[in-house]
Amino acid sequence: QEQRYDAALAEVAKLLELPTLLEAEWHDDEELLAAAGTPLSHSSVPLKPWYASTSRKLSVMEAERAALIGCNCCNRLAEGHLRRGDWRGAAQCCAVAWQLEEGVAECAGRWQTDLNW
């Protein structure tokens, strides 16, 4: 199953024109935890809305739906990492999901009130 989620997430990244999304590297644990959105970290990683910089082949609604699919894949992958005791891998998945959730400025923050997210 995990390979399917990896493949689906890669397709979402390609569709949303985010080729480097899955290749992000964090220099230390604190930076990774901040990117993953944990409130435990005192630093914060600025989120960059990515939709505005795409060629806009997708509507806002389509981009939001694709991002939601990507977030669901990230959640499943993070669960797998946690089952194996790999907190770093889980945090990386959460960091990718966080970037997807906030990437469409028109929809940013909707995940906080919309139960689909």
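**Close-up views of a predicted model**

**View 1. A helical pair: Arg76 and Glu79.** Arg76 has a relative accessibility of 38%, so Arg76 counts as partly exposed. Everything shown here and below comes from a predicted model. The partner in this view is Glu79, which forms a salt bridge with Arg76, with 4.0 Å between the closest N and O atoms. Both residues sit in helix α3, and because they are three residues apart, about one helical turn separates them. Glu79 is partly exposed too, at a relative accessible area of 39%. By the rule used here, the structure has four salt bridges, and two others get views of their own below.

**View 2. Another pair on one helix: Lys14 and Glu11.** Here the side chains of Lys14 and Glu11 meet in a salt bridge, at 3.4 Å from N to O. Look along helix α1 and you'll find both of them, three residues apart, or about one turn of the helix. Is Lys14 buried or exposed? With a relative accessible area of 57%, Lys14 is exposed, because the cut-off for that word is over 50%. Glu11, at 46%, is partly exposed.

**View 3. A salt bridge between two helices: Arg88 and Asp29.** This time the side chains that meet belong to Arg88 and Asp29, at 3.1 Å from N to O. The pair ties together distant parts of the chain: Arg88 is in helix α4 and Asp29 is in helix α2 (residues 29-35), with their positions 59 residues apart. Arg88 counts as partly exposed at 28% relative accessibility. Asp29 also counts as partly exposed, at 36%. As a general point, side chains of opposite charge can pair when their charged atoms come close.

**View 4. The largest nonpolar core.** Now to the inside. This core has 23 residues, and the ones that touch the most other members are Leu9, Leu16, Trp50, Ala63, Cys74 and Leu100. Helices α1 (2-15), α3 (60-83) and α4 (87-101) each supply at least two residues of the core. Which helix gives the largest share? That's α3, with eight residues. There is also a second, separate core of six residues, with Trp26, Leu32, Ala91 and Ala95 among them.

**View 5. Who touches Trp50?** Leave out residues up to four places away in sequence, and Trp50 touches Leu16, Leu18, Ala63, Ala67, Gln99, Leu100, Gly103 and Val104. Some of these names may ring a bell from the previous view: Leu16, Ala63 and Leu100 are, like Trp50, among the core residues that touch the most other members.

**View 6. The second largest pocket.** Rolling a probe the size of a water molecule over the atoms shows where empty space is left. The second largest pocket holds about 210 Å³ of space. It is lined by 13 residues, and those closest to the pocket's centre are Leu22, Gly89, Gln92, Cys93 and Val96. Helices α1, α3 and α4 each give two or more residues to the lining, and α4 gives the largest share, four residues. What classes of residue make up this lining? Eight are nonpolar, three are polar and two are charged.

**View 7. Arg110, beyond the last helix shown.** Arg110 lies in the segment after α4. At 34% relative accessibility, Arg110 counts as partly exposed. The view also takes in Glu64: the C-alpha atoms of Arg110 and Glu64 are 9.9 Å apart, though the two residues are 46 residues apart along the chain.

How values were computed: Residues numbered from 1 in each chain as written. Predicted model: local features only at pLDDT ≥ 70, side-chain atom pairs only at ≥ 80, totals over all residues. Heavy atoms only, no water. Core = buried A, V, L, I, M, F, W, Y, C linked by side-chain atoms within 4.5 Å. Buried < 20%, exposed > 50% of the residue type's maximum accessible area, 1.4 Å probe, protein only. Contact = heavy atoms within 4.5 Å. 1 Å grid on protein atoms, 1.4 Å probe; cavity = no way out; pocket = protein on both sides within 12 Å on 5 of 7 lines; lining within 4 Å. Points joined across faces, edges and corners; volume = space filled by probe spheres on them. Nonpolar A, V, L, I, M, F, W, Y, C, P; charged D, E, K, R; others polar.
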